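Ready for some practice with a protein model? Have the structure open beside you and work through the exercises in order.

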Amino acid sequence: MSKRNKIIYWIATLWLALGMTSTGIVQVLKIKEEADMMTHLGYPLYFLTILGVWKILGVIAILIPKFPLLKEWTYAGFFFAMSGAVFSHFAVGDSGIEYFGPVLLLVLTVLSWYFRPAERKVL
């Protein structure tokens with residue numbers, strides 16, 4: 001793996017971890033703005049706890065060494081969650097600013113997955 005690719009991987013992965021951890025905590029704590037958004041999107045509030053816990057566990061899975069199959073599942077889960085968020089905002093007719101967070105996390109998920117080192121890949 002080239003030095004450039006390793007730098008891209010770690011920058012994308014650390015920003016992804018930061019974004020997923022922060023949104024996961026906000027969701028687990030059911031912060032008012034997050035609860036209002038979930039209601040606006042038409043989801044039950046218990047969905048916040050599910051998403052938040054899985055995001056935090058996913059960050060742990062992405063950052064710990066080894067377990068490449070677990071990492072693959074985690075990347076898939078992050079991709080499904082963030083693409084689902086994008087489509088949910090689209091379905092209710094939200095404005096462009098509402099897409100920024102999910103799209104950013106979706107891009108970071110793809111970059112982290114694409115540039116991951118060989119030892120973090122399923123062979």
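Helices here are DSSP runs of at least four residues, numbered from the N terminus. Keep in mind that this is a predicted model.

**Exercise 1. Find out which helices line the largest pocket, and what kinds of residues they bring.**

Solution.
- Step 1: start with the space itself. The largest pocket holds about 810 Å³.
- Step 2: look at the middle. The pocket has 33 lining residues, and those closest to its centre are Gln-27, Leu-51, Lys-55, Ala-81 and Met-82.
- Step 3: sort the lining by helix. At least two lining residues come from each of α1 (3-28), α2, α3 (46-63), α4 and α5.
- Step 4: pick the top contributor. That's α4, which gives the largest share with 12 residues.
- Step 5: sort by chemistry. The lining has 21 nonpolar, 9 polar and 3 charged residues.

**Exercise 2. Locate Val-107 and work out how far it is from Met-82, both along the chain and in space.**

Solution.
- Step 1: find the helix. Val-107 sits in α5.
- Step 2: check its surface. Its relative accessibility is 44%, and since partly exposed covers the range between 20% and 50%, Val-107 is partly exposed.
- Step 3: compare two kinds of distance. Val-107 and Met-82 are 25 residues apart in sequence, while their C-alpha atoms are 9.4 Å apart in space.
- Step 4: link back to Exercise 1. Met-82 is one of the residues closest to the centre of the largest pocket.

**Exercise 3. Describe the largest nonpolar core.**

Solution.
- Step 1: count the members. This core has 14 residues.
- Step 2: find the best-connected ones. Leu-16, Met-20, Phe-78 and Leu-105 have the most contacts inside the core.
- Step 3: ask where the core residues come from. The helices α1, α3, α4 and α5 each give two or more.
- Step 4: name the main supplier. The largest share, 5 residues, belongs to α1.

**Exercise 4. How many salt bridges does the structure have, and which parts of the chain does each one join?**

Solution.
- Step 1: get the total. Searching the whole structure turns up 2 salt bridges.
- Step 2: take one of them. Lys-32 and Asp-36 pair up through their side chains, with 2.7 Å from N to O. That fits the cut-off of 4 Å for a salt bridge.
- Step 3: place that pair. Both residues belong to helix α2 (residues 32-41), and because they are 4 residues apart, about one helical turn separates them.
- Step 4: check the surface. Lys-32 is exposed at 56% relative accessible area, whereas Asp-36 is partly exposed at 38%.
- Step 5: turn to the other bridge. Arg-116 joins Glu-72, and their closest N and O atoms are 2.6 Å apart.
- Step 6: place this pair too. Arg-116 is in the segment after α5 (100-114) and Glu-72 is in helix α4 (residues 68-91), so this bridge ties together parts 44 residues apart in sequence.
- Step 7: check the surface again. Arg-116 is buried, with 8% relative accessibility, while Glu-72 is partly exposed at 22%.

**Exercise 5. Stacked or edge-to-face? Classify the pair Tyr-43 and Phe-47, then the pair Phe-79 and Phe-80.**

Solution.
- Step 1: get the total. The whole structure has 4 aromatic pairs.
- Step 2: classify Tyr-43 and Phe-47. Their ring centres are 5.2 Å apart and their planes meet at 20°, so they're stacked. Planes under 30 degrees apart count that way.
- Step 3: check their surfaces. Tyr-43 is partly exposed at 33%, and Phe-47 is partly exposed at 28%.
- Step 4: classify Phe-79 and Phe-80. Here the centres are 6.3 Å apart with 75° between the planes, which makes the pair edge-to-face.
- Step 5: check these surfaces too. Phe-79 is partly exposed at 36%, but Phe-80 is exposed at 59%.

**Exercise 6. Where do Lys-66 and Phe-67 lie, and what is the sign of phi in each?**

Solution.
- Step 1: recall the usual pattern. Most residues other than glycine have a negative phi.
- Step 2: look at Lys-66. Its phi is near 70°, a positive value.
- Step 3: look at Phe-67. Its phi is positive as well, at about 55°.
- Step 4: place them. Lys-66 is in the loop between α3 and α4, and Phe-67 lies in the loop between α3 and α4 too.
- Step 5: check the surface. Lys-66 is exposed, with 63% relative accessibility.

Conventions
Residues numbered from 1 in each chain as written. Predicted model: local features only at pLDDT ≥ 70, side-chain atom pairs only at ≥ 80, totals over all residues. Heavy atoms only, no water. Buried < 20%, exposed > 50% of the residue type's maximum accessible area, 1.4 Å probe, protein only. Phe/Tyr/Trp six-rings, centres within 6.5 Å; stacked < 30°, edge-to-face > 60°. 1 Å grid on protein atoms, 1.4 Å probe; cavity = no way out; pocket = protein on both sides within 12 Å on 5 of 7 lines; lining within 4 Å. Points joined across faces, edges and corners; volume = space filled by probe spheres on them. Nonpolar A, V, L, I, M, F, W, Y, C, P; charged D, E, K, R; others polar. Core = buried A, V, L, I, M, F, W, Y, C linked by side-chain atoms within 4.5 Å.
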